[in-house]
Amino acid sequence: MPDTSDAPAASAPDNETAAAEPARRRPKPGERRLQILRTLAQMLERPGAERITTSALAAQLELSEAALYRHFRSKAQMFEALIEFIESSIFGLVNQICEREDDPRVQAAHSVIVLLQFAERNPGMTRVMAGDALVLEDPRLTQRMNQFFDRIESQLRQLMRRAADARGSAEPTVEAAAQAAALTCFCIGRLQRFARTDFRRSPVEQIDLALQMMIH
């Protein structure tokens with residue numbers, strides 16, 4: 001290796017040198033935004049993760065906080081984007097189930113399963129769904145997540161009402177409301193246990209047996 005101790009200070013590279021050194025690739029439109037969200041979700045997966053600050057997120061990405069705010073106005077907006085992903089993913093799958101299956105009981109059971117499977121595959125998202133990642137964040141985020149579960153319960157209530165009607169229940173509305181509430185609470189409980197155990201207890205543990213006991 002040549003001795004460069006007495007070498008002059010580096011000057012601007014000539015055209016030939018510049019051509020030999022590829023320029024750093026500029027992210028495509030939207031690519032940096034996705035990278036930020038992916039990194040936030042990954043940070044939420046860490047066992048015992050505390051509240052994530054924008055400075056910690058920026059450091060993880062090797063960006064400045066100002067660079068984050070060029071893509072999101074606030075951290076709340078980042079969490080809103082994660083919630084939008086949760087909503088579109090799960091309700092997209094639920095709609096596919098309802099198109100494919102005829103039996104409302106099967107539709108309800110599979111809807112619960114895809115929700116919990118989504119959580120198992122996306123542990124960071126589970127902390128958002130369970131709410132513990134939102135405790136110290138903007139209150140509207142918790143409200144929106146609550147609305148997500150209200151929508152899940154409403155969907156299950158409709159399915160359970162159809163099932164109750166099919167078997168000739170004397171009080172189909174009451175039965176459907178009770179079953180939908182129980183199934184929704186079951187989902188929330190499984191999500192919370194998954195997050196509380198640092199993702200060791202699977203949310204789909206003995207799921208078939210559990211659903212057989214709740215859906216009839």
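The paragraphs below lead through a predicted model, beginning with its nonpolar core and moving on to its empty spaces and one residue of a helix.

A useful place to begin is the packing of the interior, since in soluble globular proteins nonpolar side chains tend to be buried together. The largest nonpolar core of this model holds 58 residues, and among these V128, M129 and F148 touch the most other members. Two or more residues of this core come from each of the helices α2 (31-44), α3 (54-61), α5, α6, α7 (123-130), α8, α9 (172-196) and α10 (207-214). The largest share belongs to α5, which contributes eleven residues. F148 can serve as an example of how such a member is surrounded: leaving aside residues up to four places away in sequence, F148 is in contact with I86, E87, I90, F91, L115 and M129.

From the packed core one can turn to the space that is left empty. Rolling a probe the size of a water molecule over the atoms shows where such space remains. When the whole structure is searched, one cavity of 30 Å³ or more is found, and the volume of the largest cavity is about 60 Å³. Its lining is made up of F91, V94, S111, V112, L115, I152, Q155, L156 and C187, with α5 (75-100), α6 and α8 (139-166) each supplying at least two of the lining residues. By character, the lining of the largest cavity consists of seven nonpolar residues and two polar ones, with no charged residue. Two of the names in this lining, F91 and L115, are also among the contacts of F148.

The largest pocket encloses about 260 Å³ of space and has a lining of 14 residues, of which L37, R38, A41, F85 and M125 lie nearest the centre of the pocket. The elements α2, α5 and α7 each give two or more residues to this lining, and the largest share, five residues, is provided by α2. Here the lining divides into eight nonpolar, three polar and three charged residues, whereas the lining of the largest cavity has no charged residue.

The last stop is H110, a residue of helix α6, which spans residues 104-121. Is H110 buried, exposed or partly exposed? Its relative accessible area is 29%, and because this value falls between the limits of 20% and 50%, H110 counts as partly exposed. Beyond residues up to four places away in sequence, H110 touches I97 and E101. H110 and V94 are separated by 16 residues in sequence, while their C-alpha atoms are 7.9 Å apart in space; V94, in turn, belongs to the lining of the largest cavity.

How values were computed. Residues numbered from 1 in each chain as written. Predicted model: local features only at pLDDT ≥ 70, side-chain atom pairs only at ≥ 80, totals over all residues. Heavy atoms only, no water. Helix = DSSP H or I, 4+ residues; strand = E, 2+ residues; numbered from the N terminus. Buried < 20%, exposed > 50% of the residue type's maximum accessible area, 1.4 Å probe, protein only. Contact = heavy atoms within 4.5 Å. 1 Å grid on protein atoms, 1.4 Å probe; cavity = no way out; pocket = protein on both sides within 12 Å on 5 of 7 lines; lining within 4 Å. Points joined across faces, edges and corners; volume = space filled by probe spheres on them. Nonpolar A, V, L, I, M, F, W, Y, C, P; charged D, E, K, R; others polar. Core = buried A, V, L, I, M, F, W, Y, C linked by side-chain atoms within 4.5 Å.
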